Each structure stands twice: as structure tokens, then as C-alpha cells.
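Please report on this structure: one loop residue and its contacts, then the fold, the core, a helix and the ligand site.

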Amino acid sequence: MSRPAKALIDLAALRHNYQLANGLSPNAKNMAVIKANAYGHGAVSVARALQDLVPAFGVACIEEALELREAGIKNPIHLLEGAFSEDEILMASEQDFSLSVVNQEQKQAIIKARLASSIRYSPLNIWIFVDTGMHRLGIQPDELISTYRDLAASANVAGGIVVATHFACADELDNEFTSVQLARMAQGMGDMCAPRSFANSAGLLGWPETRVDWNRPGIMLYGSSPFPSSHPEADGLLPVMTFKSAVIALRDIQPGETVGYAATWMADRPTRIATIAIGYGDGYPLHAPNGTPVLINGQRCPLAGRVSMDMITVDVTDLPGVSLGDEVILWGKGLSVNEVAACAGTISYELLTRMPRRTPREYLNI
Ligand SMILES: Cc1ncc(COP(=O)(O)O)c(C=O)c1O
């Protein structure tokens with residue numbers, strides 16, 4: 001028997017979540033954001049599972065896009081941070097990668113690229129990103145019209161330039177800032193008429209006014225709600241990853257005995273400790289504190305002691321009948337990754353995207 005730590009990836013749940021996004025915004029195109037190895041789920045497998053449904057995939061950089069092309073994915077692919085060099089611009093044109101333009105330097109590089117002079121290349125599909133308040137990337141709202149005009153006039157650029165922005169606080173449903181960002185975008189656009197793209201998962205799920213021509217759902221495709229509490233639409237998402245392992249040791253310890261590195265947990269009663277084959281080397285968060293829930297045979301049990309590289313220890317005193325080999329779920333069906341992330345002082349995005357290669361992914365419902 002091999003080491004039981006693994007991530008089961010349910011591709012039917014992934015497709016369900018994508019269809020849920022489509023249902024919320026039936027007249028829009030939903031680009032599936034699969035950067036960072038599809039948030040840790042395996043970009044090629046996720047792309048294969050969605051390729052017949054999606055109009056385009058979104059990735060962060062050209063390396064991620066090339067991985068998909070090399071695996072035979074034919075859909076348009078968008079590079080959300082744009083191109084970092086002229087070579088990347090040429091390759092984007094060759095490979096049907098659309099490009100974000102997030103500053104004036106990228107605009108100039110696209111206009112100057114030796115694209116139209118070669119028959120190997122076709123004009124680029126461009127998305128102009130506007131900084132409406134995230135203050136990370138994007139041109140200023142008052143630069144939008146001139147930037148659009150310059151790009152539209154270039155032979156290197158195809159028609160149908162998309163204008164886009166990204167929200168800072170859409171996961172906070174009572175935060176006015178999303179409306180402020182929408183107003184800044186509207187002001188920047190003036191009376192220009194162009195396809196627009198605003199919504200990430202939180203926008204799509206929680207802010208109907210952000211659902212426009214293109215949406216860019218990411219985290220929701222993987223079944224993790226962007227919201228901290230129950231939400232009528234997000235509650236319909238299904239977890240795609242079930243991170244699981246098994247009990248590999250059991251021992252009884254006396255009150256006053258401690259468990260694990262740095263002896264951070266002490267028994268205050270006769271205690272049964274189960275050791276599970278999962279650790280921070282497998283993607284379980286080091287900072288998960290004592291009491292973080294895990295599911296053993298479907299029942300919640302508290303973490304007891306510091307997370308090791310390859311093991312965790314759990315107090316199973318109140319769960320009779322635990323045996324070697326019993327199934328343990330760290331997150332997934334029955335225990336949300338959001339809950340574990342909150343215990344560990346992080347967010348689901350981080351736990352999912354940093355899932356290491358060492359953890360085997362097993363795909364279900366291919
Ligand atoms: C520009 C852009 N659009 C869309 C997304 C998807 O966001 P989410 O995973 O919150 O849906 C991201 C992710 O960070 C992004 O950077």
C-alpha cells in the first residue's frame with residue numbers, strides 16, 4: 001500500500017461550479033481562471049475537463065499558457081499580467097494568447113512589436129486593465145480613452161479590445177468600494193463602447209451589476225466561496241478538492257504528557273492520539289493551531305500538537321473505534337477549505353495554490 005496522502009479532484013464538481021457561474025450570467029462569457037496550476041488542482045487536467053465549455057482560460061504568465069498548449073489545449077488563453085518582453089508578444093500572437101495591457105510600457109511594446117511584418121503572426125486580442133482602486137496594476141481611468149485609441153489604431157491589435165478592471169473588496173458584500181470602482185470605470189469609459197470585464201468570483205456571485213460581457217471566475221470554480229459566511233449563490237458550489245489521508249498510528253497518553261514538536265499540546269485527561277500521514281510537506285498548513293478540525297471516519301476531531309513535515313496528531317479520545325488505516329479528510333467534502341484556512345490564519349487561495357507536487361492528485365469523473 002502506498003502512502004495514503006492525496007488530493008482527490010472531482011472534475012464533475014468543477015464542471016458543476018463552472019455551470020453555476022454560467023447560470024448567474026447567462027449572457028456573458030466566463031473565462032475560467034486556471035492560473036497557479038489551476039489553484040493547485042492541476043492546470044492541464046482542469047483545462048481538459050472544461051475545454052468544451054469555456055470561451056477562454058485565464059493564466060498569469062506565458063509559461064502557464066504554454067503548458068496548456070503543449071498539452072493540446074486549443075481554447076484561447078489570456079495572460080492576465082500581459083507580456084513581459086517582445087518575444088512574449090510575438091509568441092502570444094502565434095499561439096492565440098490574448099494579452100492584458102496594464103501600463104503604458106506594455107502598450108508601447110505591443111504597438112512597436114514586429115508583428116504585422118511577418119506572416120507567422122496575427123493581430124493580438126487585447127484587454128486594457130484599468131486601475132480603479134486596487135492600485136496594483138492597470139492604467140489610470142483618465143488614460144483609458146487615449147490608450148484604447150492608440151491600441152485600436154495599431155495594425156498589431158485585433159478589433160474588439162476589452163476594457164477591464166479588478167475589484168479589491170468584492171468579497172465584502174457591505175463594502176461600498178466595489179461601487180466606487182464601478183463608478184470610476186464608468187467615468188473612465190465615458191461614452192466609449194467596448195466589451196467590458198469586471199467580475200472575479202466574488203463579483204459574479206455577489207454583485208449582479210458587475211456581471212458584464214466577460215467575467216473572470218477563479219476560486220469559485222474550485223468550490224471555495226469567496227465570502228466568509230453563508231451566501232445563497234455560493235452555497236451551491238461543490239468542493240473540487242478533497243485532501244485526504246489515513247490514520248497510521250494510535251497511542252494512549254497520560255495527563256501531563258505533551259504531543260509533538262515544542263510540546264505545544266498537553267493532555268489534561270487520559271488521551272488517545274491518532275497520527276495521520278499528512279504534514280506541511282504535503283500542503284497541510286504549518287500554522288493550523290491546536291483544535292483545528294479534521295474529519296476521521298466523517299467525524300470532526302481536533303488537531304493536537306504542532307504540524308510536522310509529514311504527520312499531524314489528532315485527539316480521538318471522544319471518537320471510539322478509530323483504527324489504523326481509517327480515512328481522514330483534511331478538507332473537502334464535509335469540511336470546507338475555508339474553515340481550515342481561517343483556523344490557520346490564511347485563505348483558501350493560499351492553501352490550494354501551494355499544494356505541492358509531492359501530493360498525488362487523483363482525478364475523479366474525468
Ligand atoms: C485579474 C484577475 N481576474 C480574475 C481573478 C480570479 O479571481 P477569483 O479567484 O477571486 O475569482 C484573478 C485572481 O486573482 C485576477 O488576478
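Asp326 touches Ala246, Val247, Ile296 and Asn297, leaving out residues up to four places away in sequence. Contact here means C-beta atoms, placed from the backbone, within 7 Å. Asp326 sits in the loop between β17 (312-315) and β18 (327-331). Helices (H or I, at least four residues) and strands (E, at least two) are DSSP runs, numbered from the N terminus. Asp326 counts as partly exposed because it has 18 C-beta neighbours inside 10 Å. The cut-offs are 20 or more other C-beta atoms within 10 Å for buried, 12 or fewer for exposed, and partly exposed in between. Thr147 is 179 residues away along the chain, and 60 Å separate its C-alpha atom from that of Asp326.

This is a predicted model: local features need pLDDT of at least 70, side-chain atom pairs count only at pLDDT 80 or more, and totals for chains, interfaces and linings use all residues. Residues are numbered from 1 along each chain as its sequence is written.

**Overall fold**

The protein chain holds 11 helices and 19 strands. Its C-alpha trace spans about 75 × 45 × 35 Å along the principal axes. Of its 366 residues, 46% count as buried. Among contacts between residues at least 6 apart in sequence, 65% join residues at least 24 apart.

The chain divides into domain 1 (11-226) and domain 2 (241-364), with bounds from an automatic or database domain assignment. The domain centres, taken over C-alpha atoms, are 37 Å apart. At the interface, 11 residues of domain 1 contact 12 residues of domain 2. The domain 1 side comprises five nonpolar, six polar and no charged residues. Ala, Val, Leu, Ile, Met, Phe, Trp, Tyr, Cys and Pro count as nonpolar, Asp, Glu, Lys and Arg as charged, and the others, Gly among them, as polar.

**Core**

The largest nonpolar core has 106 residues, of which Ile110, Ile126, Ile128 and Val314 touch the most other members. Such a core is a set of buried Ala, Val, Leu, Ile, Met, Phe, Trp, Tyr and Cys residues joined through C-beta atoms within 7 Å. Helix α1 (residues 11-24) gives the largest share of this core, six residues. Domain 1 (11-226) and domain 2 (241-364) each supply at least three. Beyond four places in sequence, Val314 contacts Ala274, Ile276, Val294, Ile296, Cys301, Pro302, Leu303 and Ala304.

**Helix α5**

Which residues of helix α5 (residues 86-95) are buried? They include Glu88, Ile89, Ala92 and Ser93. Seen down the axis, the buried residues fall within an arc of 140°, so they line one face of α5. The arc is that of the directions from the helix axis to the C-beta atoms. These residues pack against α4 (62-70), β5 (77-79), β6 (97-101) and α6 (104-112).

**Positive phi**

Most residues other than glycine have a negative phi. Three exceptions follow.

| Residue | Phi | Place |
|---|---|---|
| Ala36 | about 50° | helix α2 (residues 35-39) |
| Asp96 | about 60° | just after α5 |
| Asn365 | near 55° | segment after β19 (361-364) |

Ala36 is partly exposed, with 19 other C-beta atoms within 10 Å. Asn365 counts as exposed, with 12 C-beta neighbours inside 10 Å.

**Ligand site**

Around the ligand lie Val33, Leu80, His166, Asn200, Ser201, Ala202, Arg216, Pro217, Gly218, Ile219, Met220 and Pro226. A residue belongs here if its C-beta atom, placed from the backbone, lies within 6 Å of the molecule. This shell has seven nonpolar, four polar and one charged residue.

Conventions
Contact = placed C-beta atoms within 7 Å.
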